[in-house]
Amino acid sequence: MNPVETRLKELMLASLDGDARSYGILLNDLARHLRFYFLRRLSDAHKGDADDLVQETLMSLHTRRATYETDRPFTAWLHAIARYKLIDHFRRNRIRVTVPLDDAEDLFAVDQSDAAADRMDVERLLQSVPEKSRDLIYRTKIEGQSIAEVAQSTGLSEASVKVGIHRGIKAIAAKLKGRADDDR
Amino acid sequence: MTTDDLIARLTGELKPVSRLAVFWRVVIGLGISLVVSSAMMYFWLGMRPDMMTAAGTMMFWTKFAYTLILAVAGTWAVKRIAYPLGSIRVSLAVMAATIVVMIVLAMAKLAMTPPDQHMAMMTGHTVAVCTRNIVLLSLPLLVGAFWVLRGLAPTRLTVAGAAAGLAAGAIASLVYSFHCDESAMPFIAVWYTLGILIPGLIGAIAGRFVLRW
């Protein structure tokens with residue numbers, strides 16, 4: 001069985017028994033997966049709704065967690081909820097698209113590709129960056145939001161967004177250089 | 001609110017969930033509305049006066065079995081469709097097969113009866129009210145079934161609404177069979193069945209509005 005499924009299912013089973021620590025880990029993990037899932041499916045004009053959809057999905061997971069049947073795959077269950085939320089979002093906003101009949105694999109597929117390893121490297125590097133810059137880099141470089149969008153959603157000026165990103169990238173460069181030096 | 005705040009809140013609120021939580025929600029929702037529907041039947045329509053003798057007749061139990069099977073299949077459908085990936089195909093197949101058997105029995109009955117009595121067997125003496133009464137008795141059950149589903153996670157709302165409506169109609173027809181003293185198979189096959197399908201249709205139409213989450 002796929003390792004992501006095994007891990008998440010264990011966390012979910014513990015959460016159903018009331019283990020708050022597992023639940024926290026699970027929700028944080030899912031928030032990340034869901035964010036990618038929604039971002040990939042929203043048009044540029046609606047990318048900003050991804051966070052709302054993530055939160056709505058987590059909220060639904062919470063209030064309707066009794067509907068997870070423990071003998072079935074957890075990822076398929078979560079995917080069904082995420083997909084419902086996405087379609088509901090399209091319907092509410094009268095967006096005429098057809099959601100491809102993707103299956104649960106899509107929600108977690110990134111983890112099985114080399115891209116996942118790359119992303120982990122990137123994330124590890126980002127961990128070394130001060131939190132403020134990290135978030136800015138994440139939004140602009142990884143999610144592809146524009147400087148203006150990020151400035152608006154964080155309440156910073158465009159100039160300070162640019163400065164923050166610049167500082168972060170410098171920190172990463174320093175870190176990479178340090179690592180290269182270590183290798184020598 | 002940021003996602004991190006939300007996660008902190010949800011984690012703080014976490015309580016253990018019983019594996020039977022869905023089952024109990026179905027039992028409570030449909031159980032309470034069954035009591036309401038039965039009370040409606042009792043005080044508004046009244047039990048059939050010949051209840052004691054009727055309980056010894058084959059026809060009473062045929063009617064009872066017919067509506068009971070549909071009610072159980074309908075309730076099962078409500079429970080199944082409450083899950084995000086739930087499907088009600090099995091329940092629908094059971095319901096369809098039951099209805100087909102009833103229609104075949106009714107046609108056999110008609111075939112054995114002289115044609116001049118066919119009309120009487122189809123209309124009985126309550127044809128004007130039978131289906132309407134079942135639909136009215138199904139309304140509290142429909143509310144109950146919708147309440148059950150609103151707290152759970154149906155992802156196909158029209159199907160979920162139809163399941164709720166069929167269950168409500170089937171349970172209502174079971175309740176109604178304690179009032180109704182009609183005893184002709186063709187009458188049951190037509191008017192009872194219609195009394196179950198109409199709430200199903202109401203549920204299917206209302207589902208996508210009422211059941212959103």
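A residue counts as buried when its relative accessible area is under 20%, as exposed when that value is over 50%, and as partly exposed in between. Keep that in mind as you click around, and remember that this is a predicted model.

**Stop 1: chain B as a whole**

Select chain B and show it as a cartoon. You will find 9 helices and 0 strands, so the order of elements from the N terminus is simply α-α-α-α-α-α-α-α-α. The C-alpha trace of chain B spans about 75 × 35 × 25 Å along its principal axes. Of the 213 residues in chain B, 49% are buried.

**Stop 2: the annotated membrane stretches**

Now colour residues 21–45, 57–78, 90–112, 132–150, 157–178 and 190–211 of chain B. An unreviewed UniProt entry annotates these as "transmembrane region". Zoom in on two of them. Residues 21–45 of chain B are 100% helix and 0% strand, with end C-alpha atoms 35 Å apart. Residues 132–150 of chain B are also 100% helix and 0% strand, and there the end C-alpha atoms lie 27 Å apart.

**Stop 3: two residues to label**

Label Leu45(B), which lies in helix α2 (residues 21–45) of chain B. Is Leu45(B) buried or partly exposed? Its relative accessibility is 21%, so Leu45(B) counts as partly exposed. Next, draw a distance from Leu45(B) to Gln117(B): the two are 72 residues apart along the chain, and their C-alpha atoms are separated by 28 Å.

Then move to Pro140(B), found in helix α7 (residues 130–150) of chain B. Pro140(B) has a relative accessible area of 16% and is therefore buried. Try another distance here, from Pro140(B) to Ile32(B). These residues are 108 apart in sequence, yet their C-alpha atoms are 9.1 Å apart in space.

**Stop 4: a pair of cysteines**

A disulfide is a covalent bond between the sulfur atoms of two cysteines. How many disulfides does a search of the whole structure find? The search finds 0 over all chains. Select Cys130(B) to look at one case: its nearest cysteine sulfur, that of Cys180(B), is 5.4 Å away, and Cys130(B) is in no disulfide. The cut-off for a disulfide is a pair of cysteine sulfur atoms within 2.5 Å, so a pair 5.4 Å apart does not count. Cys130(B) counts as buried because its relative accessibility is 0%. Cys180(B), at 3% relative accessibility, counts as buried too.

**Stop 5: chain A and an annotated domain**

Switch to chain A and select residues 32–94. The unreviewed UniProt entry labels this span "domain: RNA polymerase sigma-70 region". Residues 32–94 of chain A are 68% helix and 0% strand, and the end C-alpha atoms lie 26 Å apart.

**Stop 6: the largest pocket**

For the last stop, show Arg32(A), Arg35(A), Asp135(A), Tyr138(A) and Asp4(B) as sticks. Of the 24 residues lining the largest pocket, these lie nearest its centre. The largest pocket holds about 980 Å³ of space.

Which elements each supply at least two residues of the lining? Colour α2 (20–41), α3 (50–63), α6 (114–127) and α7 (131–142) of chain A, together with α1 (3–13) of chain B, to see them. The lining residues divide into 7 nonpolar, 5 polar and 12 charged.

Finally, colour domain 1 (1–112) and domain 2 (114–184) of chain A separately. Both domains give residues to the lining, which means that the largest pocket lies between them.

Key: Residues are numbered from 1 along each chain as its sequence is written. Chains are lettered from A and ligands numbered from 1 in the order in which they are written. This is a predicted model: local features need pLDDT of at least 70, side-chain atom pairs count only at pLDDT 80 or more; totals for chains, interfaces and linings use all residues. Side-chain values use heavy atoms; hydrogens and water are left out. UniProt positions are given in the numbering used here, feature names are shortened, and annotations may be inferred rather than shown by experiment. Helices (H or I, at least four residues) and strands (E, at least two) are DSSP runs, numbered from the N terminus. Buried means under 20% relative accessible area, exposed over 50%, partly exposed in between (1.4 Å probe, protein chains only). On a 1 Å grid over the protein atoms alone, a cavity is a set of points where a 1.4 Å probe fits but cannot get out, and a pocket is an open set with protein on both sides within 12 Å along at least five of seven lines; lining residues have an atom within 4 Å of a point. Grid points are joined across faces, edges and corners, and a volume is the space filled by probe spheres set on the points. Ala, Val, Leu, Ile, Met, Phe, Trp, Tyr, Cys and Pro count as nonpolar, Asp, Glu, Lys and Arg as charged, and the others, Gly among them, as polar. Domain bounds come from an automatic or database domain assignment.
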